[in-house]
Amino acid sequence: MAAGSIGETLEVPGATLSFHLKELARAGLVSSRQERQFIYYAVDFGRMAELMTYLTQNCCQGMPKECLTVVETALGRCCPPQLKPRKTKVKRS
């Protein structure tokens, strides 16, 4: 979606939108491409689902219903993340 369209839809000033899109791109949650004078952004839904999974597992204390909204739950159904196995500590006697 073109940056201008995003700003109009969200009713966000250009400078504010630019800042947030830059940070989302830096985090790998969106990508951008430029065509002439326009910049188009696309969401990386797989990366977003991984982030939500991480936050749910590590920040919700095992109670994802307390953390997740309908949109976040829909994101998980749309693009289930590829979970990486957790490293386990070996107890030494």
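Is Y40 buried, partly exposed or exposed? In this predicted model, Y40 has a relative accessibility of 24% and therefore counts as partly exposed. Buried residues lie under 20% and exposed residues over 50%.

Y40 also takes part in an aromatic pair, and a search of the whole structure finds 1 such pair. Its partner is F38: the two ring centres are 6.5 Å apart and the planes meet at 50°, so the pair is described as tilted. The class follows because planes under 30 degrees apart count as stacked and those over 60 as edge-to-face, with the rest counted as tilted. F38, with a relative accessibility of 40%, is likewise classed as partly exposed.

The next residue to consider is Y41, which belongs to strand 2. Its relative accessibility is 17%, so Y41 counts as buried. Beyond its neighbours within four places in sequence, Y41 is in contact with M1, A3, I6, L21, V30, S31 and S32. Among these contacts is S31; Y41 and S31 are 10 residues apart in sequence, while their C-alpha atoms are 5.6 Å apart in space.

Attention may now turn to the second largest pocket, whose volume is about 220 Å³. Its lining consists of 14 residues, and those nearest the centre are I6, L10, L17, L21 and V43. At least two lining residues come from each of helix 1 (3-10), helix 2 (14-26) and strand 2 (38-43). Helix 2 contributes the most, with 5 residues. In chemical character, the lining comprises 11 nonpolar and 3 polar residues, with no charged ones.

Technical notes:
Residues are numbered from 1 along each chain as its sequence is written. This is a predicted model: local features need pLDDT of at least 70, side-chain atom pairs count only at pLDDT 80 or more; totals for chains, interfaces and linings use all residues. Side-chain values use heavy atoms; hydrogens and water are left out. Rings of Phe, Tyr and Trp (its six-membered ring) pair if their centres lie within 6.5 Å; planes under 30 degrees apart count as stacked, over 60 as edge-to-face and the rest as tilted. Buried means under 20% relative accessible area, exposed over 50%, partly exposed in between (1.4 Å probe, protein chains only). On a 1 Å grid over the protein atoms alone, a cavity is a set of points where a 1.4 Å probe fits but cannot get out, and a pocket is an open set with protein on both sides within 12 Å along at least five of seven lines; lining residues have an atom within 4 Å of a point. Grid points are joined across faces, edges and corners, and a volume is the space filled by probe spheres set on the points. Helices (H or I, at least four residues) and strands (E, at least two) are DSSP runs, numbered from the N terminus. Ala, Val, Leu, Ile, Met, Phe, Trp, Tyr, Cys and Pro count as nonpolar, Asp, Glu, Lys and Arg as charged, and the others, Gly among them, as polar. Contact means heavy atoms within 4.5 Å.
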